[in-house]
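Student: Please take one part of this protein and go through it closely, then place it against the rest of the chain. I would like the reasoning spelled out where there is any.

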Amino acid sequence: MTNHSTSSDRLAPPVGGFQEIDGRRVFVHRSGSGGPAVVFLPGASAVGLDYFGVQQGVAQFTTAVVYDRGGTGYSDHLPLPRTAAAVATELHELLHAQGIAAPYVLVAHSLGGLYAHRFAQLYPQEVAGLVWLDAFHGDWDDFMPPEASLVAVEQMAPDLEQLEQMRPVLREMFAELLVDYPEHMRQALLDVKVSDRGIRVGIAERTKLAALATELQVGPNIPDVPVIALTVVGTDPGQQALMLEQTAQEMYDGRTRMDAARVSAVSHGEQRILTDTSHHRLCFDRPDAVVQAIRDVVDRAARPWTRPDHARRSEVPVLTISQLAATAGVTVRTVRHYHHFGLLPEPERDSSGYRCYDAQAAVDLIRIRTLADAGVPLARIDALLHAQPTEFASAITDIDAALQRKIDQLAAYRRRIAELASGERLVLPPEVVAILNRMRSLGVSERRVRLERDSWILIQALDPSSMPQRIRDKNARFDNPETTRLYLACDQSVDWDPHDPRLDRLIDDLDAWETKHARDSSGGSGNLKLVFSRIFAEASPAWQRILDALAHRAEQRQTTEQRRTAEQRRTAGHNS
């Protein structure tokens, strides 16, 4: 059921209502009755009610539906641009939610042509016919000069700042187009079309046009249904201001060939060329031509027909350039690049303006792409394609060997790059790396591990001959549970205050360990070898206190031991 309510912060449509789709409101207005129903797909910057005039003419003989895509016109906001599949799916859900029976005649203007094409790809059984109103085509770039490619069209479009400056002119232009509309509709449409949202939506929908075309190129052709294309070649002052006259003429010629190719691809196709209007004025200047084209397609869709023998398609399968590119997994630009270098012969165009490729062209293109992906220079690819079988096989063997060498080299690079994640592998022997990993597994902090790593790097640089024994000693200490406990306790104390009472207990434990293992020490404190070095002490005030306290106690023990030894010597002297 259509919901006619509107929110207070959104402009209200003068007619029609809303259908909820996926929790969003989509504007829709239907008029007339009967079938097949006619559905209008607006161009960029257009809204459904821009086609109200022709809708009323179509409503005289069948159901006519206008709507606003999600994110445009009176419909709820959506991020733009959207994929063609998303727009087509939304329209399909809208028509079914409205209870409008399929199949439909899709009437597509400008950008709407890309969305109508995608709808026909996804739901071919629900399309009774197509009317192209100077509409975009998935193979647009095949027919246009480079200056009018989809990417160029996108870049050529005015930006937000330019449109803001043009707002008064735009309002005047739209007012002139809508002069025959009822007053309440004219004012409402002017408000929505020159609103901030309306201007931003127009800019957003004109982005990523090439991506939309690519989306269509990987899908099937349109179904074999009646098609009429209205091709507009009248002078467009706005277009002339944006490009050279020669480019504009080439663009008109390209449109004519493009629409001719479109209608020749179906059994009942017809092109009608209009010279007395321009692209954006078509439905306002020539509503009669639009309504007549729609009526003719509706009539043809409603009666059975057979294709004349002279118009039957060739029994030999042919591919367009976009289909050929999709088959080989490359872009149309890549195919043209190979044409330019003479690697892939360029076929003649048919009477409709299409390049027609056969299966051998697909095989050749795949061979070219495979060799190019393997890093073979284009000049050598050309020689290989013309080589004798034995020469070709030998060359492939050489290429395979070169690739294997490259793979081995890249594998070595990957190992080196992986080692960068933990720098110790680059400068330390595996036995030391194993010790560092063992510390991590015991729960030692990464900060402490890094300090340990740095000390090993210095030892390796200054005293490399001692490394094997130090490695054995370090592993032996970690094999001792008591030593490991003290190691972890020291690690945890790194951020303690130097006057923390817990340090006193830790110093006592470490000193007891030192006393017990004093016989294992060779010069200096064995405990210092266990846990600390001057690098570590500088990293933590708490560790500095531990180091100083243990060194002091060791010195006291040494002094006591020296006195005891001296006393024993004196006693022995007296006794002798």
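Tutor: Helix H14 (residues 321-328) is largely enclosed by the rest of the structure, because six of its eight residues are buried. The model is a predicted one. The buried residues of H14 are Ile321, Ser322, Gln323, Leu324, Ala325 and Ala328. The cover over them includes helix H4 (140-143), helix H9 (209-217), helix H15 (332-340) and helix H16 (359-373). Just after H14 comes Gly329, with a positive phi of about 75°.

One of those covering helices, H16, can be described in more detail. The axes of H14 and H16 are 9 Å apart, and the two helices pack at an angle of about 50°. H14 and H16 are therefore oblique to each other, and their crossing is right-handed. On the H14 side the contact involves Leu324, Ala325, Thr327 and Ala328. These meet Ala361, Ala362, Leu365, Ile366 and Arg369 in H16. An α-helix has 3.6 residues a turn, so residues three or four places apart point the same way.

A second helix pair gives another geometry. Helix H22 (residues 467-479) and helix H23 (residues 481-492) pack at an angle of about 95°, and their axes are 5 Å apart. H22 and H23 are therefore roughly perpendicular to each other. H22 contributes Lys474, Arg477, Phe478 and Asp479 to the contact, and H23 contributes Pro481, Thr483, Thr484 and Tyr487.

Next, the loop that leads to H4, one of the helices covering H14. Asp134 sits in the loop between strand S6 (127-133) and H4. Its phi is near 50°, a positive value in a residue other than glycine. Asp134 counts as buried, because its relative accessibility is 2% and the cut-off for buried is under 20%. Arg255, in helix H11 (residues 245-264), touches Asp134. Arg255 is also buried, with a relative accessible area of 5%. Besides Asp134, and leaving aside neighbours within four places in sequence, Arg255 is in contact with Phe136, Trp140, Met144, Thr231, Val232, Gln271 and His279.

Ser110 has a positive phi as well, near 55°, and is not a glycine. Ser110 lies in the loop between strand S5 and helix H3 (112-122) and is buried, with a relative accessible area of 10%. Two cis peptide bonds can be listed here too. The bond from Leu80 to Pro81 is cis, with omega near 0°, and Pro81 is in the loop between strand S4 (64-67) and H2. The bond from Ala102 to Pro103 is likewise cis, with omega near 0°, and Pro103 is in the loop between H2 and strand S5 (104-109). Most residues other than glycine have a negative phi, and most peptide bonds are trans.

H2 also matters for the nonpolar packing. The largest nonpolar core has 50 residues, and Leu106 and Phe119 touch the most other members. Its largest share, six residues, comes from helix H2 (residues 84-97). Not counting residues up to four places away in sequence, Leu106 touches Val39, Leu41, Ala116, Phe119, Val127, Gly129, Leu130 and Val131. Apart from this core lies another, of 44 residues, including Leu170, Leu282, Val290 and Val291. In soluble globular proteins, nonpolar side chains tend to be buried together.

Two residues are partly exposed. Glu154, in helix H5 (residues 150-156), has 28% relative accessibility and so counts as partly exposed. Its C-alpha is 8.8 Å from that of Ala210, 56 residues apart in sequence. Leaving aside neighbours within four places, Glu154 is in contact with Arg206, Thr207, Lys208 and Leu209. Leu378, in helix H17 (residues 378-385), is partly exposed at a relative accessible area of 24%. Leu378 touches His337, Tyr338, Phe341 and Leu343, not counting residues up to four places away in sequence. The C-alpha atoms of Leu378 and Phe341 are 8.0 Å apart, with their positions 37 residues apart along the chain.

For the chain as a whole, there are 27 helices and eight strands. Of its 576 residues, 45% count as buried. Among contacts between residues at least 6 apart in sequence, 69% join residues at least 24 apart. The accessible surface is about 29,100 Å², and 53% of it belongs to carbon and sulfur atoms.

Methods: Residues are numbered from 1 along each chain as its sequence is written. This is a predicted model: local features need pLDDT of at least 70, side-chain atom pairs count only at pLDDT 80 or more; totals for chains, interfaces and linings use all residues. Side-chain values use heavy atoms; hydrogens and water are left out. A nonpolar core is a set of buried Ala, Val, Leu, Ile, Met, Phe, Trp, Tyr and Cys residues joined through side-chain atoms within 4.5 Å. Buried means under 20% relative accessible area, exposed over 50%, partly exposed in between (1.4 Å probe, protein chains only). Helices (H or I, at least four residues) and strands (E, at least two) are DSSP runs, numbered from the N terminus. Contact means heavy atoms within 4.5 Å. Accessible areas come from the Shrake-Rupley method with a 1.4 Å probe; for residues, only the protein chains shown count as cover. Axes are lines fitted to C-alpha atoms, for helices over the stretch in contact, and angles run from 0 to 180 degrees between N-to-C directions. Angles under 35 degrees count as roughly parallel, over 145 as roughly antiparallel, 65 to 115 as roughly perpendicular and the rest as oblique. A crossing is left-handed if the near helix is turned anticlockwise from the far one by less than a right angle, and right-handed if clockwise.
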